[in-house]
Every structure is written in structure tokens, then in C-alpha cells.
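The following paragraphs lead the reader through one protein model, beginning with a single residue and widening to the whole chain. Please keep the sequence and the structure in view while reading.

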Amino acid sequence: MTDRRPVRATYGFFEDLDRQLGSERGPNGEPSTADFQTIELLRIVDRFAEQFDDLPELIPGRSDYRVLLTSGVLVRSLNVVGQLASDGAVELVSIDIDLTWE
């Protein structure tokens, strides 16, 4: 069994999410924020909780910032930045979502 780090999302993370997705599903089937939180967010949290040290550094030489680049279930791809906090938890600080499927 691997050690899991606690993970929490910051206010800025949810601001990014709200800015990119609406409260309702889009006219072309784009997910709502609730859809995203239900389907995608748990996968993101699990990756940071279990594999933080294995993720690439966002800034070379700064091991406290890691980035997750992955495909999604509801979206084409995700770019999520996590920062290691002083208490050992990972804080999700930002997210960029690619909604295009072309």
C-alpha cells in the first residue's frame, strides 16, 4: 500500500473551473462544473495523492510544484498544477481544460 498525501483544492482552482465550465451543460455537450467534479476531479485528486513525487516539476528545481497533464473522460485534456503545502498536503492551485475534440 502506498502512502497517500492529503489533497485539497484552492479557491483559485475552483475559480479556474467555473471560468472554463458553466453551471449547466453546454449546447455541444460540454460538461458542467458539477459533471466535472463528479467524474474528473476524483481522478485528479487520486493522482496527486498517490503520485505527487512522480509528477513532473512545473518549474525545474522546484519540487514543491508539480503538474499533471492527462486526458479526461469528459474533456480532451487537463493541465493541473499542485503545490506541496508546509503541512504535507497537496493544494490544487490551477487547472486548464481543453474542451476541443478535433
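Thr38 counts as exposed, at 62% relative accessibility. In this account, buried means under 20% relative accessible area, exposed means over 50%, and partly exposed lies in between, with a 1.4 Å probe and protein chains only. The model is a predicted one, in which local features need pLDDT of at least 70 and side-chain atom pairs count only at pLDDT 80 or more, while totals for chains, interfaces and linings use all residues. Residues are numbered from 1 along each chain as its sequence is written, and side-chain values use heavy atoms, with hydrogens and water left out.

Thr38 is part of helix α2; helices (H or I, at least four residues) and strands (E, at least two) are DSSP runs, numbered from the N terminus. A polar atom of the Thr38 side chain lies 2.8 Å from the backbone oxygen of Ala34. Along the sequence, 16 residues separate Thr38 from Gly22, and their C-alpha atoms are 14 Å apart in space.

Helix α2 covers residues 33-39 and also holds Asp35. Asp35 counts as buried, at 16% relative accessibility. A polar atom of its side chain is placed 3.0 Å from the backbone nitrogen of Ser32. When neighbours within four places in sequence are set aside, Asp35 is in contact with Arg25, Glu40 and Leu74, contact meaning heavy atoms within 4.5 Å.

A second aspartate in a helix is Asp16, which belongs to helix α1 (residues 11-20). Is Asp16 buried or exposed? With a relative accessible area of 14%, Asp16 is buried. Its side chain makes a polar contact, at 2.7 Å, with the side chain of Arg19. A polar contact is a pair of N or O atoms within 3.5 Å; within protein, one must be able to donate a hydrogen and the other to accept it, and residues adjacent in sequence count only if both atoms are side-chain atoms. Beyond its neighbours within four places in sequence, Asp16 is in contact with Val93, Ser94 and Ile95.

The account now turns to the strands. Strand β5 spans residues 90-98 and contains Asp96. Asp96 is partly exposed, its relative accessible area being 47%. Apart from neighbours within four places in sequence, Asp96 is in contact with Gln20, Ser77, Leu78 and Asn79. The C-alpha atoms of Asp96 and Val80 are separated by 6.5 Å, although the two are 16 residues apart along the chain.

Leu69 lies in strand β3, which runs over residues 62-71. Leu69 is exposed, with a relative accessible area of 60%. Which residues does Leu69 contact when its neighbours within four places in sequence are left aside? They are Leu78 and Asn79, and both of these residues also appear among the contacts of Asp96. From Leu69 to Asp96 the C-alpha distance is 9.6 Å, with their positions 27 residues apart in sequence.

Asp87 sits in the loop between β4 (77-84) and β5. At 51% relative accessibility, Asp87 counts as exposed. A polar atom of its side chain is 3.0 Å from the backbone nitrogen of Ala89. Asp87 and Pro6 are 81 residues apart along the chain, yet their C-alpha atoms are separated by 9.4 Å.

These residues can now be placed within the whole protein. There are three helices and five strands, and along the sequence they follow the pattern β-α-α-α-β-β-β-β. The radius of gyration is 14 Å, close to the 13 Å that the globule rule gives for 102 residues, so the protein is as compact as a globular protein of that length. This radius is taken over C-alpha atoms, and the globule rule is 2.2 Å times the number of residues to the power 0.38. Along its principal axes, the C-alpha trace spans about 40 × 30 × 25 Å.

Of the 102 residues, 32% count as buried. Among contacts between residues at least 6 apart in sequence, 51% join residues at least 24 apart. The accessible surface comes to about 6200 Å², of which 49% belongs to carbon and sulfur atoms; accessible areas come from the Shrake-Rupley method with a 1.4 Å probe, and for residues only the protein chains shown count as cover.
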